[in-house]
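Me: I'd like to learn how to read domain interfaces and aromatic pairs in a model. Could you walk me through it?

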Amino acid sequence: MTKVPPVSRRSFLKLSAAAGGGMLAAWHIPLTAAENERTAVDGALQPNAFVRITSDNRITIITTAAEIGQGTLTALPMLVAEELDADWSLVQWELASPTREYNNPKTFTQLTAGSVTISSLYKQQREAGAAVKEVLIKAAARRWGVSASSLETELSKVIDPRNKRSATYGELAAEAARISAPRSPTLKRPSEFTIIGKSKVRLDGAGKSNGSAKYGFDVYLPGMLTAVVKRAPKFGARLISFNAADVKASPGVVDVVEIPSGVAVIGTDFWSVYQGREKLRPVWDFSEAAIFSSEDQYARYDTLMDKPGTVRKNTGRVALAQSRADQKLESTFRFPYLAHAPMEPLNVVIDYNGRDCEIWCGTQWPDADHAAAAGVLGLPARRVNFHTMLSGGGFGRRGTMDQDFVREAAHLAKKVKKPLKLVWTREDDIKGGYYRPSAVVRLTGTLNKRGEVTSIMGRIASQSAAIGPLMESFIALIGEDARTAQGIRDIPYDIPNLRAEVHYEKSEVPVNWMRSVANSFNIFALETFIDELAEAAGQDPYQFRRNMLANNRRCRQVLDTVAEAANWSSPAAAGMCRGIALLNSYNSYIAQVVEASLDGDQLNVHRVISAVDCGIAVNPDLVKAQIESGIVFGLSSAMGKISFKDGEVRQNNFHDYPILRINQTPAIETHIIDSDENPGGVGELGVPCVAPALANAMYQATGERIKSLPMFNQNLQIT
Amino acid sequence: MPDLMINGTKFTVDTSNDVPLLWVLRDQLHLTGTKYGCGMSLCGSCNVHVDGEIVKACTFPASAAIGREITTIEGIGQTPMGQEVQQAWTEQNVHQCGYCQSGQIMSAVALLNGNPNPSDTDIDIVMFGNLCRCGMYNRIRKAIHSVSES
Ligand code: FES
Ligand code: FES
C-alpha cells in the first residue's frame, strides 16, 4: 500500500511555461533533503500539470480522481473553471497519472472511493482556478501598465474596461507562467457562481456516444498478446497440475504460464485464449480451500449473535434500558455476498521488457496499482509508467486492498516480457471474489410507555475488507468503518442508549468494499427495523422517524420534503403500497419513498421519490444521475446473490446474477434541497435506502417483514 | 481470407475457428467502440447492426456476416438517425461510465428506424436486451422519446 506522507508538507501551485507558448500550473510538494538528493540523481521531477492553458486559449483540467462513471471529468473541471472564469466551451479534461502531487488531500492517495471526490477536492480545485486567474490578471496588468484591481475576467479573457481592451488567457499564459502563484487566492461566494450549480453536459459524453472513448479494454499495442487466467474454483485451493500440451496445440495459443493466481493462457487474441483455456484440465489441491456452503456460514454467524463482539459504539446504558423497557423487539437479518459486476470486466494492458514497464488500466486506485506493479517486478517506481484509463464502472471492484488484478498482470508480465492484455471474462468476474461480504445483523430495540425508542443494540457478523490496523486507520480517513458497523454506529436518530458490536470473521473468500459498503446491509436492517418499532409504538413510520430527529435539521428537511412530494399525509392510492427510509452518510442526506404494488408473485416498483441534501450540488443533473444510478444498483442488490456450495460460487453470468433491466426500472423523481453548505458525497447515497423502503412498502401489502436478501426469487419477480 | 463490409468499408479478416464477430471487430480491426460485457448474449454491450438488424456480436459468428452490411457505433453516426440518437445521448447526460452505451445506442437506432414513435412498451421490448450496470435506463428512455419528438 502507498506510504502516507506527513500532513505538514503542504503542496502549493507552481507555474511554468508550456511548449508552444502556454502555461502549466502544477502542484508542487516541498521535498525533504533526502528526496532532493534522489531527485537530482534521477533527473527532474515529473511536471505534475494540473491546469494547462495553451496559446489557442484551450484549458485542460487534469483530473486527479478516476472516472468510473460518476462524472468526475465534468464536475472537477467545473470547480476549476468557476474560479478561473473560464469559457466552459473551451474546457477539456485529461486523466492524471499516479504521482504524489495528485494525491487526494484527505486520503493522501489517489483512491477514488467513499464518495469523497467532490467534498475533499472542493476547496483545492477552486483554489487552483482562483490562483491561476490571479496570475493571468497580473500578467495583463503588467502588459498594459495598469493596476490589477482595475481589471476584470470573463469567459477566458482579462478585460480592461476603462481602456476598452482585452486579452485571452491563451495570449497571456506564457507571461503569466513567470509570475508566482498566490498561496491563498480569494474564492468566490456561492452567490457569485456561474458554473457551479449549473447542469452542464458531461465533457466525456460525446466520446462515449460515438465509440471513440478509450477504456482500458480498448488499448491495443503493436504485437500485443492476450491472456486469460484459469483461477482456482474454490478460494484457497492450490494448483497441482494442468495439461499444457493440449492448450499449446490450440490455434492461436502462444504459451501457458503458471502464476500465483492460477494458469495463464497467452495467445494472439481473446477468442484463441478463451478456447484454449477450456482445454487446460487443471488439477487442484483443495486441502486448504474454503469448503463451505452459504447456509453453513449463516448458521455460524447466527451463533455469534448470542455472543458479545468488539464494541464499536457505546453511548448510554443499553442493558439498563433493556431491563426497564416497556417493549423489546429483536430481529435478525441475513445478507449474501454480492459481486460488483462492473460492465467492463477487469483488464490490464502491460508492457514489460525486462527493464521498463508501461501499464494502461481503468482503475480506482492508480497510485497503489503503480506501486504494486513496481513491487512485483522489482523495479523502482520511476521505471513503471502508468496510464489511468476510463473505467467501465468500478463500484469498488477496481480498488481492491491488494490491487489483485494489477498484481496478477505484473506477475504474468514478469514471465512473458512481451506487451500483453490480461482479460477477465464475465464468469471470471462473477466467480473471482472481492465481494461485498455476506453478513448477519441482529438489532434489538426498546420502547418506553410513550412509544419512544430508548435503546438500539446492533450486533453484526461479517468479514472486513480491511486487513490490519494500518488499513483500518486508512479506511477511517475516507469515512468508511473498517469494522462494518457503519450505518448503525452513526445512526441519525436521537437514541439515548446505543451500542454496536461486530464479530469480525475470517474466510478464504476475498471481500472488498462495494458501493455504500456496510451501509448496504446495515441500513436495510436498521430502516426496516425502525418500521417495526414504529408499528409497535402505534405510529406512522414517517412521524416516528421525524420525532427522533429533533437535533438533525437536515435529516428532518429531507424527510419532510420527500413526505410532501409523495403526498404521505394522504393514504396510498388503491392497490398501491409505499415505504420510507432515511440515511445520513458521506456528509449528505437522503430520504426516499418507494411506491409499489403486488399482483400475486409479480412485484411492480412504480416510483422512487428522493429528497437529497448534498450541500452545494456542483452539477445538479449529475447529482440526479447518481441518485438514479444508486436506486437501480440498490434494487439490483436486493435481487441477486453470490452463494456457495462446497466452497464453489454457484453464479456465472448475468443470467444467474441478474441486474435490473429497463422494464423493471421504476419512475424516479429526485428533489435536491437548495443549500450553501459545502458539498457532500452522492456516489453511494442513492443505494442503501431503496431496498428497505421497498421492503417497508411490501409489508403494507403482505403483512410479512423481509429479513433476508435477496428479496426477489423465483416466486417473486420484479416486473 | 474473406472480406467483411463494415461501415461501408471492406476489410479482409480471418473468420476461422467460429470466431464471433465481436472479436474480429475488436482484436483484428481495433474497432473498439463495440464492447464485451458478458459473451453470452445477455447484456447487449456488443450490439451491432447486420443488414440493419440488431445482432449480439459476442455470439454471432463472423462468418455469418460475410456478404452482409455491418454497422458499428463508429459508423452509425453517418446516418441521420444515428447522429440524432448520439446527440440525444450526449445532451441528456445518458452516460455514466458509458461502457454499455454503444450497445444501447445501436439498439435505440434500430428501434427508431423501425418505429419512429415507440411507446414505453415498445422501448421495453427492444431495450430489454441491454444491461446498464450504472442504471441509466430512465435517461435512455427519455433520450429515445426526445428523438421521436424532434
Ligand atoms: S457481450 Fe454480447 S451480449 Fe453481452
Ligand atoms: S453507463 Fe455504465 S453500464 Fe451503462
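Me: How much area do domain 1 and domain 2 of chain A bury between them, and how should I read such a figure?

Reply: The size of an interface is often given as the accessible area lost when the parts come together. In this predicted model, domain 1 and domain 2 of chain A bury about 1,200 Å² between them, with 60% of that area on carbon and sulfur atoms. On the side of domain 1 of chain A, Ile68(A), Pro98(A) and Leu111(A) supply 42% of the area buried against domain 2 of chain A, more than any other three residues.

Me: Which classes of residue make up the side of domain 1 of chain A that touches domain 2 of chain A?

Reply: Polar links first: there are 0 salt bridges between domain 1 and domain 2 of chain A, and 1 residue pair is in polar contact. By class, the touching side of domain 1 of chain A has 8 nonpolar, 5 polar and 2 charged residues. Those residues meet 14 residues of domain 2 of chain A, with 15 residues of domain 1 of chain A taking part. The C-alpha centres of the two domains lie 36 Å apart.

Me: Let's turn to chain B. Where do its domains begin and end?

Reply: The assignment gives domain 1 (3-75) and domain 2 (77-149) of chain B. Their C-alpha centres lie 20 Å apart, and the contact takes 19 residues from domain 1 of chain B and 17 from domain 2 of chain B.

Me: How many residue pairs are in polar contact between domain 1 and domain 2 of chain B?

Reply: Here the count is 9 residue pairs, alongside 0 salt bridges. The area buried between these two domains of chain B is about 1,300 Å², and carbon and sulfur atoms give 54% of it. Strand 3 (47-50), strand 4 (53-56) and helix 2 (73-76) of chain B are the elements that each give two or more residues to the side of domain 1 that touches domain 2. That side has 6 nonpolar, 10 polar and 3 charged residues.

Me: And the aromatic rings: why is the pair of Tyr215(A) and Tyr99(B) edge-to-face?

Reply: A pair of aromatic rings is described by the distance of the centres and the angle of the planes. A search of the whole structure finds 18 aromatic pairs over all chains. For Tyr215(A) and Tyr99(B), the ring centres are 5.4 Å apart and the planes stand at 90 degrees, so the pair is edge-to-face. This pair crosses between chains: Tyr215(A) is in the loop between helix 5 (205-209) and strand 9 (225-231) of chain A, while Tyr99(B) is in the loop between helix 3 (80-91) and helix 4 (101-114) of chain B.

Terms used
Residues are numbered from 1 along each chain as its sequence is written. Chains are lettered from A and ligands numbered from 1 in the order in which they are written. This is a predicted model: local features need pLDDT of at least 70, side-chain atom pairs count only at pLDDT 80 or more; totals for chains, interfaces and linings use all residues. Side-chain values use heavy atoms; hydrogens and water are left out. Domain bounds come from an automatic or database domain assignment. Contact means heavy atoms within 4.5 Å. Buried area is the accessible area (1.4 Å probe) that two parts lose on being put together, summed over both. A salt bridge is a side-chain nitrogen of Lys or Arg within 4 Å of a carboxyl oxygen of Asp or Glu. A polar contact is a pair of N or O atoms within 3.5 Å; within protein, one must be able to donate a hydrogen and the other to accept it, and residues adjacent in sequence count only if both atoms are side-chain atoms. Ala, Val, Leu, Ile, Met, Phe, Trp, Tyr, Cys and Pro count as nonpolar, Asp, Glu, Lys and Arg as charged, and the others, Gly among them, as polar. Rings of Phe, Tyr and Trp (its six-membered ring) pair if their centres lie within 6.5 Å; planes under 30 degrees apart count as stacked, over 60 as edge-to-face and the rest as tilted. Helices (H or I, at least four residues) and strands (E, at least two) are DSSP runs, numbered from the N terminus.
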